[in-house]
Amino acid sequence: MAGDSQPNVEAASVAETLPPWLAFGARAEHEGALLVDARVGVGQRVEDIRALNFPDGSFDGVECHHVLEHLMPEEAKAAARELWRVLRPGGVLEVSVPDLVRCAQTLISGNMAILMNIYSPAQEPEQRHRWGYTSATFQ
């Protein structure tokens, strides 16, 4: 309504009820974290990691384990920006990805099973690895 100066109570109450931690992916390492995933039925809420539906600075901590390798590099950068955006100043961001150098060393040592990790031939496209990271490329 024009001239209505009432605050958006719904948005404020949603922000207040968020837990301290956000976990993106198939599991949460922190008890009580809000678990979100791009896939229906995996988390408590469906979200696109590249465009999270939370206000800036919503969480004390954000965890993202074994997710970014499922995105192309530019998409992973957009995801990282979003994770930082929803993190409160001074908050903790935990990110982990497979180490491609270590995977290669494992393969060279004769463990062919590592190929399943590298190439991730899952039926669902969201589950397939699209990029590999090393300490040099994960900057």
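**Close-up views of the predicted chain**

**View 1. His66, in the loop between β4 and α2.** His66 is found in the loop that runs between β4 and α2. The model is a predicted one. The phi of His66 is positive, about 55°, although this residue is not a glycine. His66 counts as partly exposed because its relative accessibility is 37%.

**View 2. His65, in strand β4.** His65 is found in β4, the strand of residues 59-65. Is His65 buried or exposed? His65 counts as buried, because its relative accessibility is 17% and the cut-off for buried is under 20%. The side chain of His65 makes a polar contact with the side chain of Glu94, at 3.4 Å. Beyond its neighbours within four places in sequence, His65 is in contact with Phe24, Glu29, Glu94, Val95 and Ser96. Glu94 thus appears both in the contact list and in the polar pair.

**View 3. Asp60, also in strand β4.** Strand β4 holds Asp60 as well as His65. Asp60 has a relative accessible area of 38%, so it is partly exposed. Which residues does Asp60 contact, leaving aside its neighbours within four places in sequence? They are Pro20, Leu87, Arg88, Gly91 and Val92. Pro89 is 29 residues from Asp60 in sequence. In space, the two C-alpha atoms are 8.1 Å apart.

**View 4. The two ends of α3.** Helix α3 covers residues 100-108. Asp99 caps the N-terminal end of this helix. A side-chain oxygen of Asp99 lies 3.0 Å from the backbone nitrogen of Val101. Just after α3 comes Gly110, with a positive phi of about 110°.

**View 5. Glu124, in the segment after α4.** Glu124 has its place in the segment after α4. With a relative accessible area of 42%, Glu124 is partly exposed. Arg39 is 85 residues from Glu124 along the chain. The C-alpha atoms of Glu124 and Arg39 are separated by 9.8 Å.

**View 6. Thr137, in the segment after α4.** Helix α4 covers 114-119, and Thr137 lies in the segment after it. Thr137 counts as partly exposed because its relative accessibility is 44%. The side chain of Thr137 reaches back to the backbone of Thr134. There, the partner is the backbone nitrogen, at 2.8 Å. Thr137 and Pro73 are 64 residues apart along the chain. Their C-alpha atoms are separated by 9.6 Å.

**View 7. The largest pocket.** The volume of the largest pocket is about 400 Å³. Its lining has 20 residues, of which Ala38, Val67, His70, Glu126 and Gln127 are the closest to the centre. How does the lining of the largest pocket divide by class? Eight residues are charged, seven are nonpolar and five are polar.

**View 8. The second largest pocket.** This pocket has a volume of about 300 Å³. Its lining has 14 residues, and the closest to the centre are Lys77, Ala80, Tyr133, Phe138 and Gln139. Two elements, α2 (73-86) and β5 (87-96), each supply at least two residues of this lining. Which element gives the largest share? Helix α2 does, with six residues. By class, the lining of the second largest pocket has 11 nonpolar residues, two polar and one charged.

**View 9. The chain as a whole.** The chain has five strands and four helices. Read from the N terminus, the elements follow the order α-β-β-β-β-α-β-α-α. The chain has 139 residues, and 29% of them count as buried. Among contacts between residues at least 6 apart in sequence, 62% join residues at least 24 apart.

**View 10. Confidence, and the N-terminal stretch.** Mean pLDDT for the chain is 86, with 88% of the residues at 70 or more. Residues 1-15 have pLDDT below 50, and this stretch makes one contact in the model beyond near neighbours in sequence. Where pLDDT is low, predicted coordinates should not be read in detail.

How values were computed: Residues are numbered from 1 along each chain as its sequence is written. This is a predicted model: local features need pLDDT of at least 70, side-chain atom pairs count only at pLDDT 80 or more; totals for chains, interfaces and linings use all residues. Side-chain values use heavy atoms; hydrogens and water are left out. pLDDT is the predictor's confidence in each residue, from 0 to 100. Contact means heavy atoms within 4.5 Å. Buried means under 20% relative accessible area, exposed over 50%, partly exposed in between (1.4 Å probe, protein chains only). A polar contact is a pair of N or O atoms within 3.5 Å; within protein, one must be able to donate a hydrogen and the other to accept it, and residues adjacent in sequence count only if both atoms are side-chain atoms. On a 1 Å grid over the protein atoms alone, a cavity is a set of points where a 1.4 Å probe fits but cannot get out, and a pocket is an open set with protein on both sides within 12 Å along at least five of seven lines; lining residues have an atom within 4 Å of a point. Grid points are joined across faces, edges and corners, and a volume is the space filled by probe spheres set on the points. Ala, Val, Leu, Ile, Met, Phe, Trp, Tyr, Cys and Pro count as nonpolar, Asp, Glu, Lys and Arg as charged, and the others, Gly among them, as polar.
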